[in-house]
Each structure stands twice: as structure tokens, then as C-alpha cells.
Amino acid sequence: GLDQQNTSTVRDAQGNSKYNYCNNRETGTSNRAVFDVTGRTMLSVYNSMVTGGYTNINIANAATLLGSATFPTGSQEYIQTGTPLTNAIAYFPGASYPAGTSNVMTQYSASVAAGGITANQSAGVGCKSTEWLNTSGTNSTTFEAMIPVKGGTPCINAAPGSPFTYNSVVYDSGSSNVAWANSTISMGVLGTALLNSGAAPGYYSGNTAFRAAFTGAGANAVTYYGCQQRFTDGSPRNCTSIGTGTYAVSALGDARVMQFNNLPAQMTQLTYTQVLVERGGKIYYGYKNRPIVSNSARLNRVAAEAMLTTLGLPGPFTPIMDPIVLTPASYRGSYAATNLTGTAGNGTILTVNNDMTANCFDLLTSINSACNVTVSDPLTGAFTVVNGINTTTGTLNFLTGAITGSWTDGTQTANIVAQRR
């Protein structure tokens, strides 16, 4: 939202500035060195950027397109370095992000989570159950309920097995077919191979799927795994232990956050560390970005417009401020509401998902249910929420995320106040 400000201080004489991205989501420092490139050929400046390892500007066939063109008076090149100092924990509060991918943790029953040798189990039980074969389990609600069923006990299937047909070619698992999704959690994926798209590299994608289980010696023990990834659906298979560590749970606002310690070296190749966020009756996969230094080469407006003209691209550019056009979708997000008067409960967590469906989590009863949200006037933020017999009406300030209004169940009324989380 627009209330999530990005700020930076004025650069000092040495080109230093401090920045705060998205209200402390990331803070750090930036340094900029300025070079006058007046009269220099555009090709020589571009080649120096490439030689220096700056990849944010890329021109195909640069020698042909830039030729012998030179920069006009007032042209400057900026060499800029951004150094993160702190990164906040973040997660996507909707049911999925991006569309089609879930960031809400699910879990299987104790029978499925126990794994075992599939061939030794009765039909409809454990690794042969319809729960395991046809569902993703049910949403996890608390860390205490989730940890016991994430103990790293896989379903050991006959090999080769679990074949799939892709582009008229049949693939099977090869010499090992051990499935680990029943009893581990995701810790990220290393690799860029697409799933179920393009040419199949084989039964496995070639990516490494990192997983974790709550098992090992000592308190709060965790075992980390590196796994193969099934090409069609990303299912983790044939995991091997790559290290051990511990977890720690702490309160953060109205949520609880689980963080992991002593991550193995392989996982440090990811640009983030995995965290889990327990909030509003669900457990979400979250992340904390690693403090990675970024380097970039840039041009000031005079130089950039000259180069774009040489490349035959539109310009010059006149900065404009387009008016904000609000729609009901502008109000998607998560809101914490409390009753100021009346006796009806302690409040509600309202989540408006990307597809404009909504969920209401009652803080008093810990019951999560679907509810209906209507934004009748996007300009003013006038809205109505219907949750069973309960109806809430009011206005939402798009800029601040603040909600004011009233709640009723037909017999009693309470004023409410809420804030976008």
C-alpha cells in the first residue's frame, strides 16, 4: 500500500545515503560515484560497464546500434552500490502467491506422516491411503500440532515406480522411489528448471529441493535434507541428510515466527532464509532476504535520453504523476479488527485474498471461516463484510489502512476499529 514508505537521505559529499525500504522491510546504505562522460562514445562507456561486471544494462549488438555516437554535454555515469544492513521477516498473507502456488502449510494425519514401506501397508492405510494419494492434507494451525507430524519418515515405494507420461513419453522413478512430502517441510529450491513445462529433463527436474524435519538429538532439533524434485509436480524424492540444526520460536506482533539455525552450506546459495509464520490459525511459509550487496551502473537523464534516441527508442521523457485509480482490488490485504463497545468477542482478522475471496478468523473462538467482502465505493473505501449473522459496515482509508465502522449480529451493535497489517 501507499502507506509503506520508501525513504532515503540526501547524499553527502562522498555520495553516501541511508535508505529504508517499505517501513523497515530492508534498511541499508547506498554509495554513488559520479563520472562525467560528456564527449565520450556511448559504445566505450557501455563496454566499460560490461567489463566492470555491471549487468543491469544490456544492449544486444551494441557496436552496431551505438556506432560512433557520443554523449552530449551534461552526461553523467553513476556507479552505485547498495548494502543492506537489516532485513525484516516477510510472508504473503493470502492463500496463494503468485496465483496457483500455495504458501500455506498443510499436514497429513499421523498415519500418513509415519511413512513406512508402502508394500507392507494395507489398502487405504498410511502411504496407500486416499488422503496421501489424492490430497495435500489439511491446513496446519499451530506449530505444536505441526511439529509431531513432520518427523522425516518418508513413504518408501517400490522402484522403479510412480510413472508419468509427458509429451507421449513415459518416465519412471529409476532405482529409488522414496517420497518425503508426507513428513517434511519445504526450505526452498535451488535451480531454475521449470516444472511440467518445456522439454522434460527426465523423471526429475534437476533442481535441488531443500527440506527439513523435526528430528535429531537435543531440544528443538532439526535435520536438513537435499532432495530430487519430480518434474511434473515438484514432489520431493530420495532425500539425503545434509546437516542438522535447531529451531527457535518467538513472538512478533500478533504472530509467532519459527526461525532455523545452523543451515547447511548448500542452503546459503539461496537468496533468502526460510521462516514459518503462525498467524490467524494458519502457518505460512515466509522468508528473510539475505543481505546481498547490489552493484549497478546507471546514466543520468541527459545521457539516458541521448542513448535511447541513438537506439531508436522513445524519448525524451517528461515525468508525470498519474492519478490513482482505486478499485475494490485495491483493498486486498489483511486487517486486524477489534470491538470498542458491546460484548461480542475480542475481534477478527479479516484477510481479503488476491481473488477477492475473504476469510474471517475470530480471535475469541479461533474459528476461521469464509466471509463476503463488498467494496461499494472504491473512492471512499466504503465496504460491507458479511460473516454468517454478523455484518460490519464502514470505511477503509486506502492510504493509511485504517478502518472505522460498526458491527452488528442483529441483536447488539459494537463500534470497531481496524488496521491493515
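Colleague: How many aromatic pairs does a search of the whole structure find?
Modeller: This is a predicted model, and the pairs come from a search that covers the whole structure. That search finds a number of aromatic pairs equal to twelve.

Colleague: What kind of aromatic pair do tyrosine 166 and phenylalanine 231 form?
Modeller: The two ring centres of tyrosine 166 and phenylalanine 231 are 4.9 Å apart, and their planes stand at 85° to each other. Planes over 60 degrees apart are classed in one way, and the pair of tyrosine 166 and phenylalanine 231 is therefore edge-to-face.

Colleague: How many residues apart in sequence are the parts that tyrosine 166 and phenylalanine 231 tie together?
Modeller: Tyrosine 166 belongs to strand S10 (residues 164-166), whereas phenylalanine 231 lies in the loop between strand S15 (221-229) and strand S16 (236-252). Tyrosine 166 is buried at 12% relative accessibility, and phenylalanine 231 is buried at 0%. Because the two rings sit in these separate elements, their pair ties together parts of the chain whose distance in sequence is 65 residues.

Colleague: Which class of pair do the rings of tyrosine 203 and tyrosine 204 fall into?
Modeller: Tyrosine 203 and tyrosine 204 are both buried. Their ring centres lie 4.9 Å apart with the planes at 80°, so the pair is edge-to-face.

Colleague: Which residues do ring pairs link into a cluster with Tyr166 and Phe231?
Modeller: The cluster is held by ring pairs, and Tyr166 and Phe231 are among its members. Besides these two, the linked residues are Phe164, Tyr171, Tyr203 and Tyr204.

Colleague: Over the ring of which residue does the charged end of arginine 32 sit?
Modeller: The charged end of arginine 32 is 4.3 Å from the centre of the ring in question. The residue that carries this ring has arginine 298 in S20 as its bridge partner, where strand S4 (residues 76-87) and S20 pair in the antiparallel sense over six bridges. The ring under arginine 32 is that of tyrosine 78.

Colleague: Which strands are the edge strands of the open sheet that has the order S1-S2-S3-S4-S20?
Modeller: This open sheet has five strands with antiparallel pairing. An edge strand in it pairs on one side only, and the two that do so are strand S1 (7-8) and strand S20 (294-299).

Colleague: The backbone oxygen of which residue lies 2.9 Å from a polar atom of the side chain of threonine 223?
Modeller: Threonine 223 has its place in strand S15, and at a relative accessible area of 8% threonine 223 is buried. Leaving aside residues up to four places away in sequence, threonine 223 touches several others, including Arg211, Gly216, Ser241 and Thr244. The backbone oxygen at 2.9 Å from its side chain belongs to threonine 215.

Colleague: What pattern do the disulfides of the chain follow?
Modeller: A search of the whole structure finds three disulfides. Cysteine 127 is joined to cysteine 155, cysteine 227 to cysteine 239, and cysteine 360 to cysteine 371. With bonded cysteines counted along the chain, the pattern is 1-2, 3-4, 5-6.

Colleague: Is the disulfide of cysteine 127 and cysteine 155 left-handed or right-handed?
Modeller: The sulfur atoms of cysteine 127 and cysteine 155 are 2.0 Å apart, and both of these cysteines are buried. The torsion about their S-S bond is about -85°, so the disulfide is left-handed.

Colleague: Which strands hold cysteine 227 and cysteine 239?
Modeller: The S-S torsion for cysteine 227 and cysteine 239 is about 105°, so this disulfide is right-handed. The pair ties together parts that are twelve residues apart in sequence, because cysteine 227 and cysteine 239 lie, respectively, in strand S15 and strand S16.

Colleague: Which residue in S24 is the bridge partner of alanine 358?
Modeller: Strand S23 (residues 358-362) and strand S24 (residues 367-377) run antiparallel and are joined by five bridges. The partner is also joined by a disulfide to cysteine 360, with an S to S distance of 2.3 Å, and is buried at a relative accessible area of 10%. The bridge partner of alanine 358 is cysteine 371.

Colleague: Which residue takes a positive phi in the hairpin of S24 and S25?
Modeller: S24 is joined to strand S25 (residues 382-387) by five bridges, and these strands run antiparallel. Four residues lie between the strands of this hairpin, and the positive phi, near 85°, is taken by glycine 381.

Conventions
Residues numbered from 1 in each chain as written. Predicted model: local features only at pLDDT ≥ 70, side-chain atom pairs only at ≥ 80, totals over all residues. Heavy atoms only, no water. Pairing = 2+ DSSP bridges. Phe/Tyr/Trp six-rings, centres within 6.5 Å; stacked < 30°, edge-to-face > 60°. Buried < 20%, exposed > 50% of the residue type's maximum accessible area, 1.4 Å probe, protein only. Lys NZ or Arg CZ within 6 Å of the ring centre and 35° of its normal. Polar contact = N/O pair within 3.5 Å; in protein donor to acceptor, adjacent residues only side chain to side chain. Contact = heavy atoms within 4.5 Å. Disulfide = S-S within 2.5 Å.
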